Amino acid sequence: VLKHASAVSVVMASEGYPGKYETGHVVSGLERARCVPGVSVFHAGTRVATAAQPESERRGNNNKEVELKRLIRKLTKAETILTSGGRVLAVTAVGRGLAGGR
């Protein structure tokens, strides 16, 4: 527990969620978020795709456990994070007071 700390979390959702939404959109900016102290990105509706995969496979869901292991490590240049669900990810920042979390 951090004394005098606050957290702010923003959830990124697919357009149309919770109704009908598309999957397979590229998620960008994750490397930048990784460099910000106190910021964590929590993946929910994302998956890793490679340029070599056919488009139909890139839009489908794969084994979630394998996908999570691939998201934790650094991506190779040939890999991309794609949306695969309605609630895509949450970006959380922890800092001193509410202003620090922003």
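The secondary structure of the protein chain in this predicted model comprises 4 helices and 5 strands. Read from the N terminus, these elements follow the order β-α-β-β-α-α-β-β-α. The chain has 102 residues, of which 28% count as buried. Its exposed surface comes to about 7100 Å², and carbon and sulfur atoms supply 57% of that area. Among contacts between residues at least 6 apart in sequence, 77% join residues at least 24 apart.

Leu-89 provides an example of a contact between residues distant in sequence. This residue belongs to strand β5, which spans residues 87-96. Its C-alpha atom is separated by 5.8 Å from that of Val-11, although the two residues are 78 residues apart along the chain. Leu-89 also touches Val-11, together with Val-10 and Met-12. Further along the sequence, the contacts of Leu-89 include Val-27, Leu-30 and Val-41, and also Phe-42, His-43, Ala-44 and Thr-46. These contacts leave out residues up to four places away in sequence. With a relative accessible area of 5%, Leu-89 is classed as buried because the value falls under 20%.

Thr-46, one of the residues touched by Leu-89, lies in strand β3, formed by residues 46-50. The relative accessible area of Thr-46 is 2%, so this residue is likewise buried. The side chain of Thr-46 makes a polar contact of 2.9 Å with the side chain of His-43. Both partners of this polar contact, Thr-46 and His-43, are among the residues that Leu-89 touches.

Notes
Residues are numbered from 1 along each chain as its sequence is written. This is a predicted model: local features need pLDDT of at least 70, side-chain atom pairs count only at pLDDT 80 or more; totals for chains, interfaces and linings use all residues. Side-chain values use heavy atoms; hydrogens and water are left out. Helices (H or I, at least four residues) and strands (E, at least two) are DSSP runs, numbered from the N terminus. Buried means under 20% relative accessible area, exposed over 50%, partly exposed in between (1.4 Å probe, protein chains only). Contact means heavy atoms within 4.5 Å. Accessible areas come from the Shrake-Rupley method with a 1.4 Å probe; for residues, only the protein chains shown count as cover. A polar contact is a pair of N or O atoms within 3.5 Å; within protein, one must be able to donate a hydrogen and the other to accept it, and residues adjacent in sequence count only if both atoms are side-chain atoms.
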